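Colleague: Please take a close look at the interface in this model. I should also like an account of the confidence values and local geometry that bear on reading it.

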Amino acid sequence: MSGTRMGRVGATILLLFVVAAVFAPILAPHDPALRTTQPFAAPSFAHPLGANDVGQDILSELIFASRLSLTVGFVTACLATILGAAVGIVGGYLRGPVDTVLMRGVDVILSLPFLPLMIVLAAFLGQNTTNLILVIGLLIWARPARLIRSQVLSVRESGHVQAARAMGATHGYVMVRHVLPRVTPLVAAQFVRTANVSIMLEASLAFLGLSDPFQKSWGAILFYANARSAFLTDAWLWWVLPPGLCIAAVVVSFAFLGYALEERVDPRLRSTLPTSEPSSGSGTPMPVREDALR
Amino acid sequence: MVRGALEQSLRPVLVCVLGLLMVVGSSPATGGAQQPQQVERLTIATEADKGNLTPYSFRPPPGIHSELVGLVYDTLFLHPYTEEPIPWLATEASPNADATSWTVTLRDDVTWHDGEEFTAEDVAFTYDYYRDGPPNRYTHHASDVPVVESAEALDATTVEFTCEQPCPTLDLITLADLPILPQHIWEDVEDPQTYTDLPVGTGPYRLTEYVEDQSYRFEANEDYFLGPPTVGEIEMPIVPDPSSMFLALQNGQVDTATRPVPPELQESLGEARDVELVEGKRFASIFYRFNAESPPLDQQEFRRALDMAVDRQELVDTVLLGNGRTGSPSFMHPDSRWFEPQDAAFDPEQAGVILDGAGISDSDGDGIREYEGEPVSLSIIVSANDPLQIRTAELVAQQLGEVGIELLPESLDPGTLSQRQNALDFELSSFQGVPHLIGDPTQMIESLESLLVYSNPEYEGLREEWFQSTSVEQQDETMREIQRLFVEDPPASTLYYPDTTYAYNSSTYDGWIPVEGHGIHHKWSFIPEAPELLGIETVAQRTAPPEEETGGRTTLYAVVVAGAVVLLVLGYFLLRRRSARGSDEDQI
């Protein structure tokens, strides 16, 4: 599967989930907060995925839960990418002591044991969604920062940046006007990656009972399913599998989008030469042209 | 040709019939298991680490700590929830006229696990140590309710106890609850909380191995004064995750589990091979504690209305799937002999009337009542580890919403939860009632002050009356009056009493006896004489097939023979059809 096609598949799946999240009240057959049938009801026509341990419709829960999972994914990814891009660009462009300090900070964050730290922080800060977003966001910005910095290092040596500097442009101006646009594709790819990671993390924490159990999320559905023995009865078929598949589908869609974007940024990842795909002109990689000019 | 076909088609039928007959014929005569079963080793999965099993090692969450301690240590009497005192390490106890002083005679054939002789000095030492030393779950029985002023060894087998006030329940509760420590070991222990050696007791089992958070191993005390226990070795892995625990039970990796089987699992687990379920009669409850210092919870009328607005039947039906009883204002467990039955009045309308009368009404029409200008919005803290309590809080919040009280559930990790509970940093808090708390009146008197912070002028009088009572009957009557007080002024809101159903593998061991307040996992399940002493049948004796066994067997034979005849007839017709078809083919 070529990168573009992968990207399209990913975007389609993601779009489906976004639509489900936005139109949840219309799409969901029941109000997931209401007890609409018997606890532990098996699937039926009125409740295609049965009911959970207090009689709430699982399908409706699933649809409404996509709101929280996607929100956490997007907001956290925004936070982490903005932070990562800022650190990466500033560090890579300014070099010197600023870079050293920032990169040692990145090293510290990268060397932290991830999930255990998240669990401790989540338990310590208390269980609400804002805290969850902050905790995940503040822990996953380091990788994007490192990657963006390495590209900035090459960008800052390129001709037009040097020229702008020679003409007396301030650091801020150059970083925003010349460096940022050049690393934007990479930033976009990193955004997708962090969204992916944060959705997984949110689900893991919720499954472990470390997020707000009164909020509907896929991880929380799994938490109750596990706690009420769904793994030992037939209920895993309609109580465990669907939220698991939802998480998997969203993660895969983000991964596909990520591959597609990364491929645009790094031509070495392409299976075919750029010339064989003439129509996709918009994505012609800048570095190639730049090097040719020099 | 025809003969061959007959043989061929009849053969499977014959095999089936013969097989059935053989199975039926060879089934052994079951039942009549009067002799206690002897088992070499058992594996019991338990849900939490309870330390090195000295009386000081208790750690939350509540579980079977007392029962595990009881494997190693013995008490003078049995056990605190009985009707009549049953002698154990003691042979008899007699009070003086006003029950302030007791003379207790001890057995003379008991030795400690390390070979030392058990004497009255050990008993006297234990009570002094509990009264004056650092507190544990047992000590308040000697230092507070009642105050055991002195315990004196008169000779090697006689101890005299003196209480500050009359203590008519000394043999029934106090002596039946407090494990006796060996003086020769504990007199040198400076800080019992940090004591990490394996315990030495007089009990039927020795704790031979303890790996923190992993497992316990017990070995039978062959010199036990009631004879060797029925199980030679008990392996006790610690399995915190319920799913793993019951999966292991289902697969036969463990023989029983100390966690009650959740209602949703009972059907499928009961169908598993050899797995049987039994109601363990352990006392359990879920109750909400009020912080009576935070307004409007400081208003008695408000607390009463709150209690009234909770539909307990709905909680039992939804959360427990009907496997439990609704909470009673008495706070005690309905199976405790001290329980005074009272109806929990679910009456949202009356609750509304009471609230209106107390000036807590919805003046701005937003559906939430106001108290002194502020909307009534309370938070309830529950453990994030307990989904049942989380679900319960959700339901109660909905129910209170109906009468215009906003309840906001907040789930906390166990550490933060107990921290905030101890600091009284909550408005409502969800608690788990353990046997000790909801079965024992001396603990109740203690808890009303320490845990529930109950203040009611009428109660003060009754409490004094309780302390002055010189007979069990008198104390019982006062206890019942105290519970009647709770209808008007609840100290806490008991939501429900869940059933405690346990699962065990009947093919490996069936000597379990369900003891009120203790479940089935305790030393009495392993002591051959215990069923007789306690007057409780083992599960094996209970499920032993009735006498009309032969009649049952005859019916079975009749069914099998009828089945065989039907099969033969079917086979015959099959054969005829086939041979008819065969001859058709021959003709062609």
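**Confidence, interface and local geometry**

Modeller: Among the elements of chain A, helix α13 (residues 286-293) has the lowest mean pLDDT, 41, and α3(A) the highest, 94. Here pLDDT is the predictor's confidence in each residue, from 0 to 100; helices (H or I, at least four residues) and strands (E, at least two) are DSSP runs numbered from the N terminus. This is a predicted model, in which local features need pLDDT of at least 70 and side-chain atom pairs count only at pLDDT 80 or more, while totals for chains, interfaces and linings use all residues. Residues are numbered from 1 along each chain as its sequence is written, chains are lettered from A and ligands numbered from 1 in the order in which they are written, and side-chain values use heavy atoms, with hydrogens and water left out.

In chain A, pLDDT is below 50 over residues 273-294, a stretch with 15 contacts beyond near neighbours in sequence; contact means heavy atoms within 4.5 Å. Chain A as a whole has a mean pLDDT of 86, with 90% of its residues at 70 or more. The average for chain B is 86, and 87% of the residues of chain B score at least 70. Residues 13-33 of chain B have pLDDT below 50, yet the model gives this stretch 18 contacts beyond near neighbours in sequence. Over residues 582-588 of chain B, pLDDT stays under 50, and there the model has 0 contacts beyond four places in sequence. Where pLDDT is low, the predicted coordinates should not be read in detail. For the complex, the predictor gives an ipTM of 0.77 and a pTM of 0.81.

At the interface itself, 21 residues of chain A are in contact with 29 residues of chain B. The two chains bury about 2100 Å² between them, 55% of it on carbon and sulfur atoms (buried area is the accessible area, with a 1.4 Å probe, that two parts lose on being put together, summed over both). On the side of chain A, the residues that lose the most area to chain B are R35(A), F214(A) and L232(A), which together account for 33% of what that side buries.

The polar part of the interface can be itemised as well. Between chain A and chain B there are 7 residue pairs in polar contact, both residues being at pLDDT 80 or more (a pair of N or O atoms within 3.5 Å; within protein, one must be able to donate a hydrogen and the other to accept it, and residues adjacent in sequence count only if both atoms are side-chain atoms). Helix α10 (residues 218-227) of chain A supplies the largest share of the side of chain A that touches chain B, namely 4 residues. By class, that side has 11 nonpolar, 7 polar and 3 charged residues (Ala, Val, Leu, Ile, Met, Phe, Trp, Tyr, Cys and Pro are nonpolar, Asp, Glu, Lys and Arg charged, and the others, Gly among them, polar).

The rule also finds 3 salt bridges across the interface, a salt bridge being a side-chain nitrogen of Lys or Arg within 4 Å of a carboxyl oxygen of Asp or Glu. One salt bridge joins the side chains of D53(A) and R391(B), at 2.8 Å from N to O. Over all chains, the search finds 34 salt bridges. Within chain A, K216(A) and E61(A) form a salt bridge whose closest N and O atoms are 2.9 Å apart. Because K216(A) lies in the loop between α9 (171-207) and α10 of chain A and E61(A) in helix α3 (residues 58-94), this pair ties together parts that are 155 residues apart in sequence.

Turning to chain B, strands β6 (residues 148-155) and β7 (residues 158-163) run antiparallel and are joined by 6 bridges; two strands pair if DSSP finds at least two bridges between them. A hairpin through 2 residues connects β6(B) to β7(B). V148(B) stands opposite C163(B), and D155(B) opposite T158(B). Strand β5 (residues 101-106) of chain B is also antiparallel to β7(B), with 5 bridges, and T103(B) has E160(B) as its bridge partner.

Finally, the peptide bond from V145(B) to P146(B) is cis, with omega near -10 degrees; P146(B) is in the loop between α4 (140-143) and β6 of chain B.
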